[in-house]
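Work through these exercises with the sequence and the model side by side. Try each task before you read its solution.

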Amino acid sequence: MADVGVRAARREDVLQVANTQIRAWRYGYRDFLPEGPLEQMTGAAAEKMWLRQWDEAIVAPPTPMHRVLVAVETILDTEGFPALGAGGSAALTTPRGGERVVGLASHAPAEDPDLDPSVVAEMLTLLVDPDFVRRGHGSRLLNATVDHLREDGFRQIVTWVFADNHAVLGFLESAGWGEDMAERVLDMGRPIRMVRLTTDIS
């Protein structure tokens, strides 16, 4: 059993935020990203970089409209966390009865040159720990993101998603998002296509 919620990230969350990102990427991207680049994104050297970047994003954001939100569970009864196999539970650093970060979302004014950052925001990150999926955390993070950005006066949100990340594409499309025809191609040993999705929140 667990109590759940979404709140603003705090400095003491940095380690769990970085761990959640790495676990979500390893599990969620393994079917469509090349092994080498994925290891570079999630290995020990990358972990140190993400810790620094998340610390900056959480503690000293560039503007009040740059935010990091976390989904949390207060664990009342812990069991195994099997998504990553036998090592999955090793990342669980929160004691029984403690609050654990199980997902994160971040957003900021849009930076794509074809968008107006005064009214368009970008959801930079939306990730849920693979051991905590299908518990509503993604929906709660998405709803909280929309609420904050609407309060800030934004009328539209965009986000970039790997074109082969069918789980995230399906989730966002079910929430009313749609592709806007913009795309980019990353060189990760082979071309990896990303598509931009958008939703109206006015």
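**Exercise 1. Find the bridge partner of Glu122 in E5, then describe how E4 and E5 are linked.**

Solution. Start at Glu122: its bridge partner in E5 is Val158. Next, look at the strands as a pair (pairing takes at least two DSSP bridges between two strands). E4 and E5 run parallel and are joined by three bridges. Now follow the chain. From E4 it passes through helix H4 (residues 137-151) to E5, a right-handed β-α-β crossover. Right-handed means that, with the strands pointing away from the viewer, the path from the first strand over the helix to the second runs clockwise.

Elements here are DSSP runs numbered from the N terminus: helices (H or I) of at least four residues, strands (E) of at least two. The model is predicted: local features need pLDDT of at least 70, side-chain atom pairs count only at pLDDT 80 or more, and totals for chains, interfaces and linings use all residues. Residues are numbered from 1 along each chain as its sequence is written, and side-chain values use heavy atoms, without hydrogens or water.

**Exercise 2. In which sense do E5 and E7 pair, and over how many bridges?**

Solution. The sense is antiparallel, over seven bridges. Check one position: Trp160 stands opposite Arg196 in E7. Then check cover. Six of the seven residues of E5 are buried (under 20% relative accessible area with a 1.4 Å probe, protein chains only; exposed is over 50%, partly exposed in between).

**Exercise 3. Which residues have the most contacts inside the largest nonpolar core?**

Solution. Take the definition first. A nonpolar core is a set of buried Ala, Val, Leu, Ile, Met, Phe, Trp, Tyr and Cys residues joined through side-chain atoms within 4.5 Å. The largest has 28 residues, and Val17, Tyr29, Leu33, Trp50, Trp54 and Phe162 have the most contacts inside it. H1 gives the most to this core, with six residues. Now take Phe162. Leaving out residues up to four places away in sequence, Phe162 touches Tyr29, Leu33 and Met194, among others (contact: heavy atoms within 4.5 Å).

**Exercise 4. Does the end-to-end distance of H1 agree or disagree with its expected span?**

Solution. The expected span is 1.5 Å times one less than the number of residues. For the 15 residues of H1 that gives 21 Å; the end C-alpha atoms are 21 Å apart, so the two agree. Of these 15 residues, 11 are buried. The buried ones pack against H2, H3, E2, E3 and E4.
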